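Subject: Handover of a structure and a summary of findings

Dear colleague,

I am handing over to you the structure that is shown below. Please keep it open while you read, so that you can look up each residue as it is named.

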Amino acid sequence: MPVEITWWGHATCTVEDSKTRVLTDPLFARRLAHLRRRRGAVPPAEARRADLVLVSHLHADHLHVPSLARLAPGTRLLVPRGAPRAVPGLRRLAHLRVSEVAPGDVTTAGGLVVRAVPARHDGRRLPVGRHRSPALGYVLEGEARTYFAGDTGLFDAMAKEVGPVDVALLPVGGWGPYLGEGHLDAGRAAQALARLGARSAVPVHYGTFWPIGMDAVRPHEFHAPGHEFVRLAAEHAPGAAVHRLGHGESVRLEVAR
């Protein structure tokens, strides 16, 4: 059976595997603080339908409380351990079934086994958060093994911590003209793909949000990362197929074990 991946923009994806629908880092907004959605429509109502929702870390473009509030009652939500303490708004989402997880924790959802894995990224709720929670990635194991990296830098133990995967959803850019520490750009994402040995990859976390009034500042950092990842992945991981999706587009991948 195939796995189907839909990219809604930024780090928001739907992964359908083993008749189970998983949503990552939901962000259903036209504007977030000083950021505005420059490309791609706000995800439609169908994007909110999920059996399980994953939040990778506490930054507001990944843990967006108003977007989580729009999920259907009873939806299961995994968040980094300590998130409800750091983000009080989470505690008001009484209609969701919230579980806190840390690296190594395993959750079952329908036909999937979901494993939380480490990420190298700031785990605080910025800009003033004093409580720290681990930044996470997740591996979904069903018909395929799909890695959602969240936000992360490249680190030596990545292949060991993540384990063998078939599909990698990798961040290749950001929402501003410069990427800080703990991020993958197109080149580092291509290196990560080579280390992981995934047969397929989907670039995410680029070309969606940009600071208001900064359209002319380093615009290539907004437009180019997806194309750059395709080019560099061909050099670093020539055996991998890269699927550069448009906003709202899907790809169905047949996985042979």
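The paragraphs below describe what was found in this structure, which is a predicted model.

**Aromatic pairs**

I begin with the aromatic rings. A pair of aromatic rings is described by the distance of the centres and the angle of the planes. In this model the count comes to 2 aromatic pairs.

One of them is formed by W7 and Y206. Their ring centres are 5.3 Å apart and their planes lie at 10°, so this pair is stacked. W7 belongs to strand β1 (residues 3-9), whereas Y206 is in the loop between β14 (200-204) and β15 (209-211). The pair therefore links distant parts of the chain, with the two positions 199 residues apart in the numbering. W7 is buried, at a relative accessible area of 1%, and Y206 is buried too, at 4%.

The other pair consists of W210 and F222, and its geometry is edge-to-face. Here the distance is 5.5 Å centre to centre, and the angle between the planes is 75°. W210 is found in strand β15 and F222 in helix α5 (residues 220-223), 12 residues apart. W210 has a relative accessible area of 0% and is buried; F222 counts as buried at 1%.

**Charges over rings**

The ring of F222 has a further partner. The charged end of R38 sits over this ring, 4.6 Å from its centre. A second arrangement of this kind involves R120, whose charged end sits over the ring of F155 at 4.2 Å from the centre.

**Strands and their pairing**

Strands of a sheet pair through backbone hydrogen bonds, either parallel or antiparallel. Strand β10 (residues 112-118) is a useful place to study this pairing. How many of its 7 residues are buried? The number is 5, and the strand is described as mostly covered.

Strand β9 (residues 106-109) is joined to β10 by 4 bridges, and the two run antiparallel. Within this pairing, V106 has R115 of β10 as its bridge partner. β9 and β10 form a hairpin with 2 residues between them, and G110 in the turn has a positive phi of about 55°. β10 is also joined to strand β11 (residues 136-141), by 6 bridges and again antiparallel. In that pairing V113 stands opposite E141 of β11.

There is also an open sheet of 3 strands, in the order β4-β5-β15, with antiparallel pairing. Its edge strands are β4 (31-32) and β15, each of which pairs on one side only. Between β4 and β5 (residues 35-37) there are 2 bridges, and R31 stands opposite R36 in β5. The edge strand β15 is the strand that holds W210 of the edge-to-face pair.

**Nonpolar cores**

The largest nonpolar core has 53 residues. Which of them touch the most other members? They are I5, Y138, Y147, L170, L193 and F229. Helix α4 (residues 186-196) supplies the largest share of this core, with 6 residues. Another core, of 20 residues, lies apart from it; V55, L58, L71 and V87 are among its members.

**Two residues to compare**

Finally, I suggest looking at L54 and D122. Is L54 buried or exposed? L54 is buried, with a relative accessible area of 0%, and it lies in strand β6 (residues 52-54). Leaving aside neighbours within four places in sequence, L54 is in contact with V22, L23, T24, D25, P26, L78, V114, Y138 and L140. One of these contacts, Y138, is also among the core residues that touch the most other members. The C-alpha atoms of L54 and Y147 are separated by 12 Å, and these residues are 93 residues apart along the chain.

D122 lies in the loop between β10 and β11. D122 is partly exposed, because its relative accessible area is 22% and residues count as buried under 20%. Apart from neighbours within four places in sequence, D122 is in contact with H57, H59 and R132. The C-alpha atoms of D122 and E181 are separated by 8.6 Å, with the two residues 59 residues apart along the chain.

Yours sincerely

Definitions and conventions: Residues are numbered from 1 along each chain as its sequence is written. This is a predicted model: local features need pLDDT of at least 70, side-chain atom pairs count only at pLDDT 80 or more; totals for chains, interfaces and linings use all residues. Side-chain values use heavy atoms; hydrogens and water are left out. Rings of Phe, Tyr and Trp (its six-membered ring) pair if their centres lie within 6.5 Å; planes under 30 degrees apart count as stacked, over 60 as edge-to-face and the rest as tilted. Buried means under 20% relative accessible area, exposed over 50%, partly exposed in between (1.4 Å probe, protein chains only). A charge sits over a ring if NZ of Lys or CZ of Arg is within 6 Å of the ring centre and within 35 degrees of the ring normal. Two strands pair if DSSP finds at least two bridges between them. A nonpolar core is a set of buried Ala, Val, Leu, Ile, Met, Phe, Trp, Tyr and Cys residues joined through side-chain atoms within 4.5 Å. Contact means heavy atoms within 4.5 Å.
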